[in-house]
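Open the model in a viewer and keep the sequence panel visible. The stops below go from one element to the space around it, and then to the chain as a whole.

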Amino acid sequence: MPAKKKRFSRVRASRKKKPQGKFAIFKANLTGRKGLGVLAVFVIFLVWIFNSSPKYTSAELYMLAKIKERYSGFSVEYGYNEAYEVGQKACEFLARETGVALFNTYDAKMLLLGTACAETNLRSRFQDGNGYAAGLYQVEYATFKDVWNRQLATTFPGLKSKIILNYSKDGKDIKFENLITDAGLCAIIARLYYYGRKGQIPSAEDIEAQAHYYKTEYNTLRGKGSVARYIACLQSARKKSERK
């Protein structure tokens, strides 16, 4: 009898150790140093997401809401070759006005084309759904502000006036919403942004490498784009142009 009782107590003890239900399993996995480490990484990730998200003033949010309302349903579609020419002209302009030949490489022009394919399927518009991105390359408002107000002032001081001279319709300062209706201007901002990123643009012969560069440097971890989408959209646009 004592032996049976002891065996029964061991069964009861083993049953107590088994977590019951999804919450109990989750709780068990967070027990100990390993679980605390996982939790700490998760918290750090959330903090990074919060701090890296653009923060706009109430006036900016009002302005962006008005732009979204004004351009609701607006869309201009570009063909594969037409979109390539838009990026080509932007690269040529930047190389000519800055004296930096690196702006106007075949690799850069193909990266711009791939970016347009991945971001909009070659359709210039204001961002669908939530968010504030504009034009053929879906340039974020925060990106536009940084390029236009900081990068140009520190890297190419005389370039802003030349862009205004060549791309402004009324000779006044460039506005964010101008990127929606002027694909060439949007290409200028997108190319300047890529110029300010780290690392060399991969060869256009390596589509996968360019797709990875786009994802990490342009779309970023917060973006919904992907390497697979970049490649698929670029190849689809190319095949569509070949059928015409």
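**Stop 1: helix H11**

Select H11 and colour its buried residues (under 20% relative accessible area with a 1.4 Å probe, protein chains only; exposed is over 50%, partly exposed in between): Ile 207, Gln 210, Ala 211, Tyr 213, Tyr 214, Lys 215, Glu 217, Tyr 218 and Asn 219. This is a predicted model, in which local features need pLDDT of at least 70, side-chain atom pairs count only at pLDDT 80 or more, and totals for chains, interfaces and linings use all residues. Residues are numbered from 1 along each chain as its sequence is written, and side-chain values use heavy atoms, with hydrogens and water left out.

Next show H6, S4, H10 and H12, which are among the elements covering the buried residues of H11. Helices (H or I, at least four residues) and strands (E, at least two) are DSSP runs numbered from the N terminus. Then step just past the end of H11 to Thr 220, where phi is positive, at about 65 degrees.

**Stop 2: the largest pocket**

Which residues are the closest to the centre of the largest pocket? Select Glu 140, Asn 219, Thr 220, Arg 222 and Gly 223, out of 34 lining residues. A pocket here is an open set of points on a 1 Å grid over the protein atoms alone, where a 1.4 Å probe fits, with protein on both sides within 12 Å along at least five of seven lines; lining residues have an atom within 4 Å of a point. The volume of the largest pocket is about 1100 Å³, counted as the space filled by probe spheres set on the points.

H11 gives the largest share of this lining, five residues. To see other contributors, add H3 (32-52), H6 (106-120), S4 (139-140), H7 (141-155) and H10 (183-195), each with at least two lining residues.

**Stop 3: the second largest pocket**

Move to Glu 77, Tyr 78, Leu 122, Ala 237 and Lys 240, the closest to the centre of the second largest pocket among its 14 lining residues. This pocket holds about 260 Å³. Select H12 (227-243) and H5 (80-98), which each supply at least two lining residues; the largest share, five, is from H12.

**Stop 4: the whole chain**

Zoom out and switch to cartoon: twelve helices and four strands are present. Of the 244 residues, 38% are buried. Counting contacts (heavy atoms within 4.5 Å) with a separation of 6 or more, 64% join residues 24 or more positions apart.
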